[in-house]
Amino acid sequence: MGLLEKIKSHSAVVGVVGLGYVGLPLAVLQAKAGFRVFGVDEAAAKVGQVNRGENYISDVNGAELTQAVSSGRLSATGDFSVLGTCDIVLICVPTPLTRNKEPDISAVVSVTRQLAKYAHPEMLVVLESTTYPGTTEEVLLPILTEGGLKVGQELFIAFSPERVDPGNRSFKTHNTFKLVGGVTQACLTAARTFYEQSIVKIFPVSSPRVAEMTKVFENVFRSVNIALVNELAMLCDRMGLDVYEVIDAAATKNFGFMPFYPGPGVGGHCIPLDPYYLAWKSKEYDVHTRFIELAGEINEGMPYYVVAKLQRLLNRRGFCLNGAEILVLGVTYKADVADWRETPALKVMELLQREGTKLTYVDPLTPTIEIEGRSYAAVEVTDERLGRCACALILTAHSTFDYERIVRQAPLVFDTRNGTRHVKGNKANVVLL
Ligand SMILES: NC(=O)c1ccc[n+]([C@@H]2O[C@H](COP(=O)([O-])OP(=O)(O)OC[C@H]3O[C@@H](n4cnc5c(N)ncnc54)[C@H](O)[C@@H]3O)[C@@H](O)[C@H]2O)c1
């Protein structure tokens, strides 16, 4: 049976490499669609958890994971040789930055090299990791065809970015438009046919490069707009205007405006990183992507702005940062999501720790954190703790926080996320970003 027949009859075997925020939901989705799925991950702990049916990603439905494992449709391993039995391999490994903010695609390269050993005719390989335009054709293609397989005839290669929005209740992988770009038309057909089995809407583009560029552009768009509104927030602060009132007013326009909200910085595995992938690649074409650099500068400056403003607020009340008790509320990068990668909260806390501030933090999704070698354990919110602190500093507005109580008890609330917006009554002690 050829690849397309195997896909349509759901007898194709799928390998998902990298069982993280992207790979695990995808593996469960494919198992749910009826495919036999092998998850491959170098982290033995995750392999064990998947095989025991234990969920560790909040966007995954635990019952669906258990069902996929107990039905024998999903299993995990650290052994790459299993890929030799797969018809389709999806690569979902991390694409971080080096210390100097250059792309680090070493995980993608290492996985591709492993996979090349097991590549065989009638195999489809799709890269899902976010990366710079050109990666699929310049990096994956040469490695995977080293052994002589002909792309578009024997081996099918495509790029299809993951666009999952962690914590989004309406849009998950299965109902978010899936972009697909194939190295050849046959590669596109194979990838498109595969995704059509489990995803409602597929949007084919003319090449992997277009798909790669589109994904990075989407995140540049967010980064630039967040930077713009962060700049506006700093200006409104100087001018004595409420930036949220301005945004809400602008959002009444029915066309040509999309609201973005300011905050203490950007976090997660996408927005702080992906734009730099494009900035790096663009230099090869003598283009300096100034918007990307500028947005990065403003967004990365926000934790410093938060600390400087907190210092001013305390100063006016006769305190200084050194020795002040600051109760941090929320440390994950996004509300209600248990992911603290690149979270600006840690940067704010690092700066405060250096100033000698007495820090405690509350976060139901993060039991412990470490800041420059010092460990902190999350504390409970109590009236006594709120009343005693010099400031309750809201860095992530989890929906589980009792904002009424925070505003009632804390002498000063510095709310960098507008989490207190629904609190009624006296809010004289609340300062927004
Ligand atoms: N997290 C998101 O919201 C999101 C959204 C869209 C796109 N992406 C992109 O998807 C990719 C994966 O991101 P993620 O958030 O799932 O990362 P993650 O860190 O949650 O998961 C990656 C997994 O890959 C495994 N891994 C790393 N190197 C490996 C190797 N050499 N061999 C086998 N396994 C390896 C890790 O152990 C981990 O389990 C990245 O390129 C990211 O930019 C992420």
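**Exercise 1. Is isoleucine 91 buried, partly exposed or exposed, and why?**

Solution. This is a predicted model: local features need pLDDT of at least 70, side-chain atom pairs count only at pLDDT 80 or more, and totals for chains, interfaces and linings use all residues. Residues are numbered from 1 along each chain as its sequence is written.

- Step 1. Take the cut-offs. A residue is buried with 20 or more other C-beta atoms within 10 Å of its own, exposed with 12 or fewer, and partly exposed in between; C-beta atoms are placed from the backbone.
- Step 2. Apply them. Isoleucine 91 has 24 C-beta neighbours inside 10 Å, so isoleucine 91 counts as buried.
- Step 3. Place the residue. Isoleucine 91 belongs to strand β4 (residues 88–91). Helices (H or I, at least four residues) and strands (E, at least two) are DSSP runs, numbered from the N terminus.
- Step 4. List its contacts. Two residues are in contact if their C-beta atoms, placed from the backbone, lie within 7 Å. Neighbours within four places in sequence aside, isoleucine 91 touches Val17, Gly18, Val108, Val111, Leu127, Glu128 and Ser129.
- Step 5. Check one distance. Isoleucine 91 and serine 129 are 38 residues apart along the chain, and their C-alpha atoms are separated by 6.6 Å.

**Exercise 2. Describe the surroundings of the ligand.**

Solution.

- Step 1. Find the nearest residues. The ligand has 26 residues around it, and Gly18, Gly20, Tyr21, Val22 and Ser129 come nearest. Here a residue is near if its C-beta atom, placed from the backbone, lies within 6 Å of the molecule.
- Step 2. Find the main contributor. Helix α5 (residues 106–116) gives the most to this shell, with three residues.
- Step 3. Sort the shell. Its residues are 14 nonpolar, eight polar and four charged. Ala, Val, Leu, Ile, Met, Phe, Trp, Tyr, Cys and Pro count as nonpolar, Asp, Glu, Lys and Arg as charged, and the others, Gly among them, as polar.

**Exercise 3. Describe how α6 and α8 meet.**

Solution.

- Step 1. Note what is needed. Two packed helices are described by the angle between their axes and the distance between the axes.
- Step 2. Read both values. The axes of α6 (residues 135–144) and α8 (residues 208–239) come within 8 Å and cross at roughly 125°. Axes are lines fitted to C-alpha atoms, for helices over the stretch in contact, and angles run from 0 to 180 degrees between N-to-C directions.
- Step 3. Name the angle. This makes α6 oblique to α8. Under 35 degrees is roughly parallel, over 145 roughly antiparallel, 65 to 115 roughly perpendicular, and the rest oblique.
- Step 4. List the residues. Thr135, Thr136 and Glu137 of α6 meet Pro208, Arg209 and Glu212 of α8. They divide into one nonpolar, two polar and three charged.

**Exercise 4. Examine two residues with positive phi.**

Solution.

- Step 1. Take histidine 10. Its phi is positive, about 60°, although it is not a glycine. Histidine 10 sits in the loop between α1 (3–8) and β1 (13–17). It has 14 C-beta neighbours inside 10 Å, so histidine 10 is partly exposed.
- Step 2. Take glutamate 122. Its phi is positive, about 65°, and it is not a glycine. Glutamate 122 lies in the loop between α5 and β5 (123–127). With 17 other C-beta atoms within 10 Å, glutamate 122 is partly exposed.

**Exercise 5. Summarise the whole protein.**

Solution.

- Step 1. Count the elements. The protein has 14 helices and 15 strands.
- Step 2. Give the extent. The C-alpha trace spans about 75 × 50 × 45 Å along its principal axes.
- Step 3. Give the burial. Buried residues are 43% of the 433 residues.
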